[in-house]
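User: Hi! I'm new to reading protein structures and would love a close look at one part of this one.

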Amino acid sequence: MPTLSIRFTGGHYHATPWNKAQNEGAVEWPPSPWRILRALIATGYAKLDEWQNGFVPGRAKMLIEKLASVPPLYRLPEATGTHSRHYMPIKGKTTLVLDARAVVGVNHKPLLVHWDVELALEEKNLLAELAACLGYLGRAESWTECELIEDIPIADDWVRPCENVPPENIGHGWEQIPLMTPVSPHAYQSWRQAAFDKKFGDKKPKANELKTFNALYPTDLLA
């Protein structure tokens, strides 16, 4: 089962959580599943030859759909939240800009992200290739060294998904953190079909109507 090892070589990680403005000074920690999968897709488009025709290869589609189907577990390095303040000139005035980040230090233990799924050999090889090419995660100055590793034991101190667990049942010393995550491919198709049925019912859509619908509700999760 795949585990990504991520080291932030500059010792810091910059990323704004979903539904937060940059100047709120919040940091998305740990990196959300949504952000990680988007980074892998972007890396494929930017750096792998077989993606250069503008289409995601079949094995990549299968890989992303499998990783999207389960929320990952994390082993986190120790991190400190901090920020710097910059007064940027705009039209003769200055405006305050906050640069928030998580500082892990240059010699930190790697961040581990584990998905409880089985990958085919070609999917595993692709994930290893994407990981090796992933130059940053979050904002562009969050430089990374990544690799795919296996056979990592999961300990009690790992960050785990709180699926269907009320916050009051999590226990003393635990904190619930919201992270942006994709739905599973099956859940996406069910949602899309419900939208199709609501809009068209038993009526067969015209070509222009179907084109408009597909623009609002892409044909699959990856799209």
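How many residues of the lining of the largest pocket are nonpolar, how many are polar and how many are charged? Once that is clear, please walk me through the helices and sheets as well.

Analyst: Happy to help! Please keep in mind that this is a predicted model. The lining of the largest pocket divides into 19 nonpolar, four polar and three charged residues. The volume of this pocket is about 640 Å³. It is lined by 26 residues, and those closest to its centre are Val159, Arg160, Pro161, Cys162 and Ile177.

Now let's step back to the whole chain. The protein chain has five helices and seven strands. Read from the N terminus, its elements follow the order β-β-α-α-β-β-β-β-α-β-α-α. Along its principal axes, the C-alpha trace spans about 55 × 55 × 45 Å.

Helices are a good place to continue. Two packed helices are described by the angle between their axes and the distance between those axes. Take helix H1, residues 33–47, and helix H2, residues 58–68: their axes come within 11 Å and cross at roughly 170°. An angle over 145 degrees counts as roughly antiparallel, so H1 is roughly antiparallel to H2. On the H1 side, the contact is made by Leu37, Leu40 and Ile41, while H2 brings Ile64, Leu67 and Ala68. By class, this contact of H1 with H2 has six nonpolar residues, with no polar and no charged ones.

H1 has another partner to look at, helix H3, which covers residues 121–133. The axes of H1 and H3 come within 9 Å and cross at roughly 80°. Angles of 65 to 115 degrees count as roughly perpendicular, and therefore H1 and H3 are roughly perpendicular to each other. In this contact H1 uses Leu40, Thr43, Gly44 and Lys47, and H3 uses Leu127, Leu130 and Cys133. These residues divide into four nonpolar, two polar and one charged. Look for Leu40 in your viewer: this residue of H1 takes part in the contact with H2 and in the contact with H3.

Next come the strands. One open sheet has four strands in the order S3-S6-S1-S7, paired in an antiparallel way. Strand S3 (73–75) and strand S7 (144–149) stand at the edges with a single partner strand each, so one side of each has no neighbour in the sheet. On average, neighbouring strands here are turned by 20° against each other, with direction ignored. S3 is joined to strand S6 (residues 111–114) by three bridges, and the two run antiparallel. You can find Tyr74 opposite Val113 in S6. H3 comes back into the picture here: this helix packs on the sheet, touching strand S1 (3–8) and S7, and its direction makes about 165° with that of S7.

There is also an open sheet of three strands, with the order S2-S5-S4 and antiparallel pairing. Its edge strands are strand S2 (12–13) and strand S4 (80–90), each pairing on one side only. Between S4 and strand S5 (residues 93–103) there are eleven bridges, and these two strands run antiparallel. To see one position in this sheet, find Ser84, which stands opposite Asp99 in S5.

To tie the tour together, follow H3 once more: this helix contacts H1 through Leu127, Leu130 and Cys133, and H3 also packs on the four-stranded sheet by touching S1 and S7.

Conventions
Residues numbered from 1 in each chain as written. Predicted model: local features only at pLDDT ≥ 70, side-chain atom pairs only at ≥ 80, totals over all residues. Heavy atoms only, no water. Axes fitted to C-alpha atoms, helices over the stretch in contact; angles between N-to-C directions. Parallel < 35°, antiparallel > 145°, perpendicular 65-115°, else oblique. Contact = heavy atoms within 4.5 Å. Nonpolar A, V, L, I, M, F, W, Y, C, P; charged D, E, K, R; others polar. 1 Å grid on protein atoms, 1.4 Å probe; cavity = no way out; pocket = protein on both sides within 12 Å on 5 of 7 lines; lining within 4 Å. Points joined across faces, edges and corners; volume = space filled by probe spheres on them. Pairing = 2+ DSSP bridges.
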